[in-house]
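Please look over the model shown here. A short report on its packing follows it.

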Amino acid sequence: MTAMKLCTPKQDPSRAIQKQSVPGRTQIWSEGEATRLVKGAWRAGYKGLACIIAIAWDTSFSPVDCRTLTPAHAVSAGDDWGFLTARGKTTMTAFGIMSRRTRRLVQAYIAGLDYDLHDDAPILRTRGAAPGPKGGRRHNPVPLTKGSLIDDFADVRLLVFGKDEKRRL
């Protein structure tokens, strides 16, 4: 490197290159705050999002792991009920056990659907939309995408905690 005049003589050129690491996650939710989010989402009609928040809290699954859960992932062992899935980033197998409260929430959500789910269909969906007072088309609930999950969570976070709260799911 010195011979090509790309660095000063007798200096290590690798010192000029510094690794830029991604800042670590520092956002924390307490159990009470998570419960308030779940209840706020359910009452506002974001029932799929309420289930995602509850499942993520109980199982430590990431939001992408939660929103891609299907009935085929559901597993029960005695009184325990959970999901056996492959993690989104690592594809490692993960088993998440849910509390009774979350299990009842998910079962109530599934029982309230207007349709039957196939084994490979994502369980958790958007809330959909009915035609407004001026008319329009009905939008059926569809599987949550990354964008719709972010937007819906922002709406619920604003509703529950106000405009100054910026933590993410």
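The sections below cover aromatic pairs, charges over rings, the nonpolar core, one helix pair and a few single residues.

## Basis

This is a predicted model. Residue numbers start from 1 along the chain as its sequence is written.

## Aromatic pairs

The structure holds 3 aromatic pairs. One of them joins Trp29 and Phe153. The ring centres are 6.1 Å apart and the planes meet at 90°. That pair is edge-to-face, because its angle is over 60 degrees. Trp29 sits in the segment before helix H1 (31-43), while Phe153 belongs to helix H5 (residues 146-161), so the pair ties together parts that are 124 residues apart in sequence. Both partners are buried: Trp29 has 13% relative accessibility, and Phe153 has 4%.

Trp81 and Phe83 make another aromatic pair. Here the centres lie 5.9 Å apart, with 55° between the planes. This pair is classed as tilted. Trp81 is buried at a relative accessible area of 16%. Phe83 is buried too, at 1%.

Ring pairs also build a cluster, made of Trp29, Phe153 and Phe161.

## Charges over rings

Two arginines lie over ring faces. Arg167 is placed over the face of Trp29, 3.9 Å from the ring centre. Trp29 is thus the ring under Arg167 as well as a member of the aromatic cluster. Arg127 lies over the face of Tyr46, with 4.1 Å to the ring centre.

## The nonpolar core

Which residues have the most contacts inside the largest nonpolar core? They are Leu37, Leu49, Ile55, Phe83, Leu124 and Val156, in a core of 31 residues. Several elements each supply at least two residues of this core: H1, helix H2 (47-59), strand S2 (80-86), strand S3 (93-98), helix H4 (100-111) and H5. H2 gives the most, with 8 residues.

Val156 shows how parts of the chain meet. Setting aside neighbours within four places in sequence, Val156 is in contact with Leu37, Gly40, Ala41, Tyr46 and Leu49. Two of these, Leu37 and Leu49, are themselves listed among the core residues with the most contacts. Tyr46 is also the ring that Arg127 lies over.

## H1 against H5

How do H1 and H5 pack, in angle and in distance between axes? The angle is about 110° and the axes are 9 Å apart. H1 is therefore roughly perpendicular to H5.

H1 brings Glu33, Arg36, Leu37, Gly40 and Ala41 to this contact. H5 brings Phe153, Val156, Arg157, Leu159, Val160 and Phe161. Two names on the H5 side recur from the aromatic cluster: Phe153 and Phe161. Leu37 and Val156 recur from the core.

## Buried positions in the helices

Ala34 is found in helix H1. Is Ala34 buried or exposed? At 7% relative accessibility, Ala34 is buried. Leaving out residues up to four places away in sequence, Ala34 touches Ile53 and Trp57. The C-alpha atoms of Ala34 and Ala56 are separated by 9.7 Å, and the two residues are 22 apart along the chain.

Ser148 is in helix H5. Its relative accessible area is 18%, and Ser148 counts as buried. The cut-off for buried is under 20%, so Ser148 qualifies. From Ser148 to Trp29 the C-alpha distance is 21 Å, across 119 residues of sequence.

## Exposed positions

Where does Ser60 lie? Ser60 is in the loop between H2 and helix H3 (63-67). Its phi is near 65°, a positive value in a residue other than glycine. Ser60 is exposed, at 55% relative accessibility.

Thr91 has its place in the loop between S2 and S3. Phi of Thr91 is near 60°, again positive in a residue other than glycine. Thr91 is exposed, with a relative accessible area of 58%.

Met4 lies in the segment before H1. Met4 is exposed at 56%. The C-alpha atoms of Met4 and Ala56 are 55 Å apart, for residues separated by 52 places along the chain.

Note on methods: This is a predicted model: local features need pLDDT of at least 70, side-chain atom pairs count only at pLDDT 80 or more; totals for chains, interfaces and linings use all residues. Side-chain values use heavy atoms; hydrogens and water are left out. Rings of Phe, Tyr and Trp (its six-membered ring) pair if their centres lie within 6.5 Å; planes under 30 degrees apart count as stacked, over 60 as edge-to-face and the rest as tilted. Helices (H or I, at least four residues) and strands (E, at least two) are DSSP runs, numbered from the N terminus. Buried means under 20% relative accessible area, exposed over 50%, partly exposed in between (1.4 Å probe, protein chains only). A charge sits over a ring if NZ of Lys or CZ of Arg is within 6 Å of the ring centre and within 35 degrees of the ring normal. A nonpolar core is a set of buried Ala, Val, Leu, Ile, Met, Phe, Trp, Tyr and Cys residues joined through side-chain atoms within 4.5 Å. Contact means heavy atoms within 4.5 Å. Axes are lines fitted to C-alpha atoms, for helices over the stretch in contact, and angles run from 0 to 180 degrees between N-to-C directions. Angles under 35 degrees count as roughly parallel, over 145 as roughly antiparallel, 65 to 115 as roughly perpendicular and the rest as oblique.
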